[in-house]
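Trainee: Could you pick one spot in this model and take me through it closely? I'd like to see how it connects to the parts around it.

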Amino acid sequence: QVQLAESGGGLVQAGGSLRLSCAGSGRTFSNYNMGWFRQAPGKEREFVAFVSESGVVTYYADSVKGRFTISRDNAKNTVYLQMNSLKPEDSAIYYCNGASGRAAIFDSWGQGTQVTVSS
């Protein structure tokens, strides 16, 4: 199983941008579709974005469509999430995981990276 480590979060004002990274270990990283998920305080973890093994297919939760872009670099075993036009409701801990559609497939999660958007 791939081990994952998220980074790139921080505090940003509404309307700002952040780029998250998810570094995967293991030679099989490129064999997996990948996704970004997030969890806000008091809420369940939710799907944010999906990218296929090759990076060709992507799709997003309606709440982030048009503002976020997911991509991957299999040579670097890394998945990215470019977040633009951030809103306070985007504040959450962001995680990456293997993905099947809008569902995570790995039992274990990384530590996540905190994103806080101030109004």
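**A close look at Val-115**

Mentor: Let's start with the contacts: leaving aside residues up to four places away in sequence, Val-115 touches Gly-9, Gly-10, Leu-18, Leu-20, Met-83, Asp-90, Ser-91, Ala-92 and Tyr-94. Please keep in mind that this is a predicted model. Val-115 sits in strand E11, which covers residues 113-118. Is Val-115 buried or exposed? Its relative accessible area is 0%, under the 20% cut-off, so Val-115 counts as buried. One of its contacts, Leu-18, is 97 residues away in sequence, yet the two C-alpha atoms are 8.5 Å apart in space.

Now pick Asp-90 from that list of contacts and follow its side chain. Asp-90 makes a salt bridge with Arg-67, and their closest N and O atoms are 2.7 Å apart. Asp-90 belongs to the loop between strand E8 (78-83) and E9, while Arg-67 belongs to the loop between strand E6 (58-60) and strand E7 (68-73), so this pair ties together parts that are 23 residues apart in sequence. Asp-90 and Arg-67 are both buried. There is more to this pair: salt bridges with shared partners join Arg-38, Glu-46, Arg-67 and Asp-90 into one network. Within it, Glu-46 pairs with Arg-38, again with 2.7 Å between the closest N and O atoms. The two ends of that bridge differ in exposure: Arg-38 is buried at 5% relative accessible area, whereas Glu-46 is partly exposed at 36%.

For context, a search of the whole structure finds four salt bridges. Among them is the one between Asp-62 and Lys-65, whose closest N and O atoms are 3.0 Å apart. Asp-62 is exposed, with a relative accessible area of 65%.

Next, go back to the list of contacts and take Leu-18 and Leu-20. Strand E3 spans residues 18-25, and this strand also brings us to a disulfide. Cys-22 and Cys-96 form it, with their sulfur atoms 1.8 Å apart, and the count for the model is one disulfide. Cys-22 is in strand E3 and Cys-96 in strand E9 (residues 92-100), so the pair ties together parts that are 74 residues apart in sequence. Both cysteines, Cys-22 and Cys-96, are buried. The torsion about their S-S bond is about 60°, so the disulfide is right-handed.

Strand E3 leads us on to a sheet as well. Four strands make up this open sheet, in the order E1-E3-E8-E7, with antiparallel pairing. Strand E1 (3-7) and E7 are at the edges with a single partner strand each, so one side of each has no neighbour in the sheet. From one strand to the next, the twist averages 15°. At the E7 edge, six bridges join E7 to E8, and these two run antiparallel. To find one of the residue pairs on your screen, look for Ile-70, whose bridge partner in E8 is Leu-81.

So here is a route to trace on screen: begin at Val-115 in strand E11, step to its contact Asp-90 and on to Arg-67, then return and move through Leu-18 to strand E3 with Cys-22.

Note on methods
Residues are numbered from 1 along each chain as its sequence is written. This is a predicted model: local features need pLDDT of at least 70, side-chain atom pairs count only at pLDDT 80 or more; totals for chains, interfaces and linings use all residues. Side-chain values use heavy atoms; hydrogens and water are left out. A disulfide is a pair of cysteine sulfur atoms within 2.5 Å. Buried means under 20% relative accessible area, exposed over 50%, partly exposed in between (1.4 Å probe, protein chains only). A salt bridge is a side-chain nitrogen of Lys or Arg within 4 Å of a carboxyl oxygen of Asp or Glu. Contact means heavy atoms within 4.5 Å. Two strands pair if DSSP finds at least two bridges between them. Axes are lines fitted to C-alpha atoms, for helices over the stretch in contact, and angles run from 0 to 180 degrees between N-to-C directions.
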